[in-house]
Amino acid sequence: MSTLLTNLFLCDGTPDGFMPDAALLIDGETIVWTGMAQQAPAAAAVRDLAGQIVIPGLINTHAHGGMSIQRGCCDDGDLFEWAQTIAPYTSVLSLEDNRFGCELAVMEMVRNGITTACDCTRFGAGIFSDVASAIGMRSLSGALANSPEYRKAGRPNWPLAREETEAAMARHAGNGLVRHFLGAHSPYSCTAELLVEVKRAADKLGVPFVIHLAENAKETEIVHARHGTTPMRWLHDLGVLDERSILAHCIWLDAEEIALLAKTGAGIAHNPVSNAKLASGIAPIPAMRRAGIKVGLGTDSTVSNNSLDIFQEMKASVLLQRAASLDAHIIDAADAFAMATREGARVLGWHDAIGTLVPGKQADLVVLDLDHPLGNTAQRVLSDLVYRAGPQHVREVMVAGSTIYADGHFSNIDATATVAHIKQHYAHTPST
Ligand SMILES: [Zn+2]
């Protein structure tokens, strides 16, 4: 059945793609037409959006939803201090804790206008996709393997991660909302053998390979002491970087590494808020984008952020670069909006279907009430989206043509009952 959304201000996510008095025709899951409202074709159903803004669903290229019940358990310390402090909390997370965390994370993301997330866990590779697809959000998820000799807490998670992922892939066969990856935690917590084995297994399954890379200066010291080279060069020499690799962070890269990375075709998940909070640094995003590297935005987890809000990441991605460089032109709102939408889709390798609102793509969109006092123009809407907007402006979230959230209510989950159940569970089972 076709539905025409009309009387809207369309930001379709393409460069200069701003259109007042627009309409958008959806047939089933797919956008089949966009244009001026006056020229809209006939449709079975018509919805008047009263001048509200419609943007592509925001894309979160890096998250750890399963950790969400431990939100705020450590707010200070650099990456390695932080990892040590949170270990007593996160190493005891059960699969049930993970599922509760994913429910909280997916609901928070959807409220914040996120329609697709790339989510990482350590155990329970299929939990995020089960939860996200039940709520109606799109996901690319999986587990990050690590080598027990470098990451001692808990039991080994490889080849378990591959087995869980294959089971989840079979469970969700034919489900267009669900994709999976195989990943490794980081260069400092994996052996060369494990990295190559995980990448080969990912290639065999035809799925992306995800890893944290060059997040902290100490990581470079550790990897250099062990292997005589930098984390990025080491991964490059091992042959695990290509266009199907998704690299979270990438802060500590030199100019030669940026050029090398551009040749591999790998994409970057940039997490400006988490990177700043953990005092990891500011990733060289302008240089990476100039080199032609795909860069999307990510929230990381509620243990290092502590919110799952791509609006905040857009704003931080601009502010941090300007504050550090003292150059007010180094990056702008259009860059931030691109990273949150079409560039994020390219990082996830999903740009054939999502990231922009153009005919042929999936109807993944967000309706926002951004009512500028002087009226909405392209400049004012872009400015509001990056520097002002938040969940308080999100009126409706649609994924694959289905409304999954509108006016504070989810279509497929009772948020109040879910949160009450989770709180009751922990009231009786004290967590560490
Ligand atoms: Zn991460």
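A polar contact is taken here as a pair of N or O atoms within 3.5 Å, of which, within protein, one must be able to donate a hydrogen and the other to accept it. In the predicted model described here, such a contact, 3.0 Å in length, joins the side chains of Ser274 and Ser304. Ser274 is placed in helix 9, which spans residues 272-277, and its relative accessible area is 0%; because buried residues are those under 20% relative accessible area, Ser274 is classed as buried. When its neighbours within four places in sequence are left aside, Ser274 is in contact with Thr299, Asp300 and Ser304, so that Ser304 appears both among these contacts and as the partner in the side-chain polar contact.

With regard to the overall arrangement, the protein is divided into domain 1, made up of residues 2-56 and 356-410, and domain 2, covering residues 58-347. The C-alpha centres of domain 1 and domain 2 are 29 Å apart, and contact between the two involves 27 residues of domain 1 and 27 residues of domain 2.

A zinc ion is bound through three histidine side chains, the protein donors being NE2 of His62, NE2 of His64 and NE2 of His212, at 2.0 to 2.1 Å from the ion. Along the chain, these donors follow the spacing H-x1-H-x147-H. His62 and His64 are both buried.

Strand 6, comprising residues 58-63, pairs with strand 7 in the parallel sense over 4 bridges, and within this pairing Leu58 stands opposite Ile114 of strand 7. Strand 7 is also joined by 6 bridges to strand 8, formed by residues 138-145, and these two strands likewise run parallel, with Ala117 standing opposite Ser139 of strand 8. Between strand 7 and strand 8 the chain passes through helix 3, residues 127-135, in a β-α-β crossover that is right-handed. As for the surroundings of strand 7 itself, which consists of residues 114-121, 8 of its 8 residues are buried, and the strand is therefore largely enclosed by the rest of the structure.

Both ends of helix 6, which covers residues 217-227, show local features of the backbone and side chains. At the start of helix 6, a side-chain oxygen of Asn216 comes to within 2.7 Å of the backbone nitrogen of Lys218, whereas the residue that follows the helix, Gly228, has a positive phi, near 70°.

Conventions. Residues numbered from 1 in each chain as written. Predicted model: local features only at pLDDT ≥ 70, side-chain atom pairs only at ≥ 80, totals over all residues. Heavy atoms only, no water. Buried < 20%, exposed > 50% of the residue type's maximum accessible area, 1.4 Å probe, protein only. Pairing = 2+ DSSP bridges. Right-handed = clockwise from strand over helix to strand, strands pointing away. Donors = N, O, S within 2.8 Å, 3.2 Å for Na, K, Ca; no water. Domains from an automatic or database assignment. Contact = heavy atoms within 4.5 Å.
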